[in-house]
Amino acid sequence: MQSVLGDKRAIVILLAPALLFYTLIKVVPIFWSLGLTFFDGNVLRGFTPAGFANFTRLVGDSNFWESLTFSFKYAAVATVLQVTAGYLLALLYVFALKRSSVIVRTICFFPVILPTVAVAQLFKRLFAINPQPGPVNALIEFFGGQSIDWLGDATTAFWVFMIMDVWKSMGFFAVLLFAGLVDIPEEIIESARIDGANGLRLVRHMIIPLSLPVLLSAIVFAINSTFKVFDSVIALTNGGPGNDTTPLTLYMFRTTFTYNEYGYGSTLALALTVVAFLITIVVFRSSRRDVTAAGGAKK
Amino acid sequence: MPRSSRLMRRRFAPAVAGAAALALIATACGPADGGGSDPTGGDSADGGATEFSFLTITENPQIGEELTRLSEGACADANAALPLSIESIAQAEVNNRVPLLASQEALPVMFISPTTESKVGGDMYESGALLDLETTFDELGIMDNVLPAAAETVKTIYGSMVSIPFQYNVEGFWYNKDLFEANGIEVPTTWEDFKAAAATLDTAGVQPLTAAGTQGWTITRYLSTYLARSQGVDALQNVVDGNASFSDPEYLTAIEEVSSLGEAGYFGEGVTSRDIDTVTSQFFAGNVGMMYNGSWTLSSVYDEAQNPLGPDSFGFFPFPEVEGGSGSISDYPANTGTVTALSADLYNDKVGDWLVCIAENYGSSLMENQGAISGFVQNTEVETPELVSEIVTQMESATGAVIWFEAPFGARFGDAAGTNAGPLLDGGITPEDYAAVLEEAIAADG
């Protein structure tokens with residue numbers, strides 16, 4: 001085996017098929033899509049060169065800006081809520097439930113493994129107004145209020161998304177952050193307690209700084225998944241009412257596959273990639289700085 | 001071990017390992033059955049189809065059910081020569097799946113095709129993927145089996161006979177006779193009477209109307225038919241031709257009138273998020289006075305499970321006249337259902353045999369088994385229920401066809417009109433903004 005792996009040609013030959021396969025299914029389509037941004041047309045009509053027309057159109061496309069704004073809003077609010085809820089749960093596991101947290105962890109993790117479409121259907125019924133009021137509207141009516149068409153209004157629909165997202169993903173973030181919290185040496189916490197740090201002061205000045213690296217990882221995960229939200233939107237509101245809950249991913253999908261504008265759809269995909277890349281750079285830069293700060297705190 | 005043997009192993013080991021890895025990938029990428037069977041049901045030795053493959057939509061099982069019935073009965077011979085094979089996809093997938101199949105020359109023999117793309121000038125039509133049904137039916141000598149009005153409707157909507165008229169529908173208002181009688185309401189024939197009837201029901205504590213915001217067409221049909229009544233059946237064509245716009249006062253009036261029905265609360269709470277199943281269940285439960293829908297609802301009317309009140313409780317009337325308008329109450333919104341096209345490439349004599357059998361038997365079979373009206377003549381006498389006869393009479397008396405709101409425009413227009421229709425009723429968008437959204441979509445469609 002050593003003789004095979006010690007041979008550069010062997011390494012090349014062993015890696016080549018996988019590399020070729022990866023290039024064919026990952027890299028080629030990316031560059032293919034990039035090339036399509038300079039064309040107009042679709043698979044049936046054929047493609048004609050469009051120069052920079054798709055990019056000019058992108059800048060003046062109000063639907064693009066609206067869907068980009070919605071994507072940012074969704075990612076920002078959902079990230080904050082998901083990570084906060086996950087962190088609070090993790091604190092609960094570590095400091096309140098301690099060794100008896102296994103059952104609670106399992107229960108809270110359960111929604112993570114459910115299919116998004118099934119969860120969306122569940123929330124559709126939960127917040128339904130027709131044909132019968134769902135549990136939420138029934139509760140409102142019980143207390144003398146009037147039923148609300150939660151999914152028929154952009155603002156209320158947005159908050160249904162947030163509740164659904166937090167419910168579905170907080171278990172995942174709780175487990176992720178739990179792993180970070182249990183890694184904090186017990187003696188540091190104890191010495192902080194002896195020094196008089198308790199409750200919120202302990203969390204703010206000791207726990208958060210020491211768990212910052214894993215917290216930032218959680219934020220990266222959250223931004224990554226929420227900025228690319230797609231399936232839950234399709235299942236819950238299909239981007240409506242109007243285009244009010246249409247993220248950039250859905251707009252890109254519709255442009256390409258419903259309106260059959262492959263060139264412009266690819267341009268939207270490129271815009272999405274660039275924005276996601278910029279967000280990644282910002283997050284990783286902050287992450288590097290803060291990890292150092294956390295390391296300093298450890299000292 | 002001899003030195004030469006170790007050298008050989010050293011030299012060939014990497015090559016053997018690499019070849020093995022490549023072989024693994026090749027195996028993984030190869031066809032599962034190891035053969036060359038064609039999933040589309042095409043490419044027989046003499047050209048064309050090897051099975052009568054049909055790609056339909058899950059939301060409308062009617063055609064598939066009736067073809068299955070025929071394959072076991074009247075079309076057994078055609079089925080023995082070319083077995084029927086049905087696959088269903090969601091309606092929302094048609095727009096992306098079917099053009100992709102066409103581009104890969106992987107279309108089934110018969111398929112639901114995207115409406116906009118199947119019209120003359122649309123990508124599906126211009127690609128040559130769709131069989132010219134008028135020529136084919138003429139060659140097969142079965143054109144006499146197609147109702148002339150149904151054939152004319154297909155040609156009016158799509159510009160050519162691209163769709164088999166498995167359905168032939170007129171649309172209008174279904175109403176609850178018991179609720180009308182209890183509140184002393186006559187069937188309205190004018191828009192003002194219609195609004196008065198809605199107001200009377202509302203005052204009596206009955207929800208006058210229902211529609212589904214998630215299926216925008218249940219609302220946009222009000223707009224197209226109101227415009228056909230007020231501006232004539234060419235109202236939408238005038239917009240296409242650039243001679244009118246939705247922001248013009250007379251067009252805006254139509255949007256305002258429809259919006260005012262929602263503003264008055266006639267559609268009840270939650271119209272924007274309401275789905276079509278809720279609409280029909282509300283109506284057949286007797287909770288709603290009127291529902292805009294098509295003659296395809298007949299199958300639900302005569303279905304005891306869906307209609308516990310019985311068929312005598314419900315009636316059908318045409319969209320009312322708009323006073324002073326240039327349209328007529330005898331111009332009916334008509335359609336032939338979703339576009340059901342045939343692949344030009346896969347057509348052969350055996351497909352032709354299927355078409356002959358369908359043309360001769362489908363009309364009677366559908367009426368007998370599902371109580372629904374198709375665009376084919378009924379060659380076998382079938383006992384027709386009273387309400388069906390009434391609607392057939394109305395179809396026969398139609399003087400002109402009103403095309404639906406989205407039909408003459410592109411896909412962006414269809415999306416914009418449909419997704420904003422619910423908000424138009426619940427105040428989420430003003431009539432002026434709705435008109436502006438439509439204009440913007442027309443411009444984007446190009």
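In the predicted model, the contact between helices α8(A) and α11(A) is formed on one side by A:D165, A:F173, A:L176, A:L177, A:A179 and A:G180, and on the other by A:V214, A:L215, A:A218, A:A222 and A:T226. By class, the residues of this contact comprise eight nonpolar, two polar and one charged. Helix α8 of chain A spans residues 154-181 and helix α11 of chain A spans residues 212-227; their axes come within 9 Å and cross at roughly 155°. Because angles over 145 degrees count as roughly antiparallel, α8(A) is assigned as roughly antiparallel to α11(A). The crossing of α8(A) past α11(A) is right-handed.

A helix pair was also examined in chain B. Helix α20 of chain B, residues 431-445, packs with α18(B) at an angle of about 160°, and the two axes are 7 Å apart. The helices α18(B) and α20(B) are therefore roughly antiparallel to each other, and α18(B) passes α20(B) in a right-handed crossing. From α18(B), the residues B:A411, B:R412, B:F413, B:A416 and B:A417 take part in the contact, where they meet B:V437, B:L438, B:A441, B:I442, B:A444 and B:D445 of α20(B). The contact of α18(B) with α20(B) contains nine nonpolar residues and two charged residues, with no polar residues.

Between the chains, 36 residues of chain B are in contact with 30 residues of chain A. On the side of chain B that touches chain A, at least two residues each are supplied by α1 (3-29), α4 (91-103), α6 (123-126), α14 (276-284), α18 (411-419) and α19 (421-426) of chain B. Of the elements on this side, α1(B) gives the most, with nine residues. The residues with which chain B touches chain A divide into 16 polar, 14 nonpolar and six charged. Helix α18(B) thus appears both among the elements that supply this side of chain B and in the packing with α20(B).

The overall organisation of each chain was then considered. Chain A has 14 helices and two strands. Its radius of gyration is 24 Å, well over the 19 Å that the globule rule gives for 299 residues, so chain A is more spread out than a compact globule. Along the principal axes, the C-alpha atoms of chain A fill a box of roughly 75 × 75 × 35 Å. Of the 299 residues of chain A, 33% count as buried. Among contacts in chain A between residues at least 6 apart in sequence, the fraction joining residues at least 24 apart is 68%. Chain B has 20 helices and 10 strands. In chain B, 48% of the 446 residues count as buried, and 77% of the contacts between residues at least 6 apart in sequence join residues at least 24 apart.

At the level of single residues, A:P133 lies in the loop between α6 (116-126) and α7 (135-142) of chain A. With 19 C-beta neighbours inside 10 Å, A:P133 counts as partly exposed, because the buried class begins at 20 such neighbours. Apart from neighbours within four places in sequence, A:P133 is in contact with A:A128, A:A138, A:E141 and A:S147. The C-alpha atoms of A:P133 and A:L24 are 51 Å apart in space, and the two residues are 109 residues apart in sequence.

Terms used:
Residues are numbered from 1 along each chain as its sequence is written. Chains are lettered from A and ligands numbered from 1 in the order in which they are written. This is a predicted model: local features need pLDDT of at least 70, side-chain atom pairs count only at pLDDT 80 or more; totals for chains, interfaces and linings use all residues. Axes are lines fitted to C-alpha atoms, for helices over the stretch in contact, and angles run from 0 to 180 degrees between N-to-C directions. Helices (H or I, at least four residues) and strands (E, at least two) are DSSP runs, numbered from the N terminus. Angles under 35 degrees count as roughly parallel, over 145 as roughly antiparallel, 65 to 115 as roughly perpendicular and the rest as oblique. A crossing is left-handed if the near helix is turned anticlockwise from the far one by less than a right angle, and right-handed if clockwise. Two residues are in contact if their C-beta atoms, placed from the backbone, lie within 7 Å. Ala, Val, Leu, Ile, Met, Phe, Trp, Tyr, Cys and Pro count as nonpolar, Asp, Glu, Lys and Arg as charged, and the others, Gly among them, as polar. The radius of gyration is taken over C-alpha atoms; the globule rule is 2.2 Å times the number of residues to the power 0.38. A residue is buried if 20 or more other C-beta atoms lie within 10 Å of its own, exposed if 12 or fewer, and partly exposed in between; C-beta atoms are placed from the backbone.
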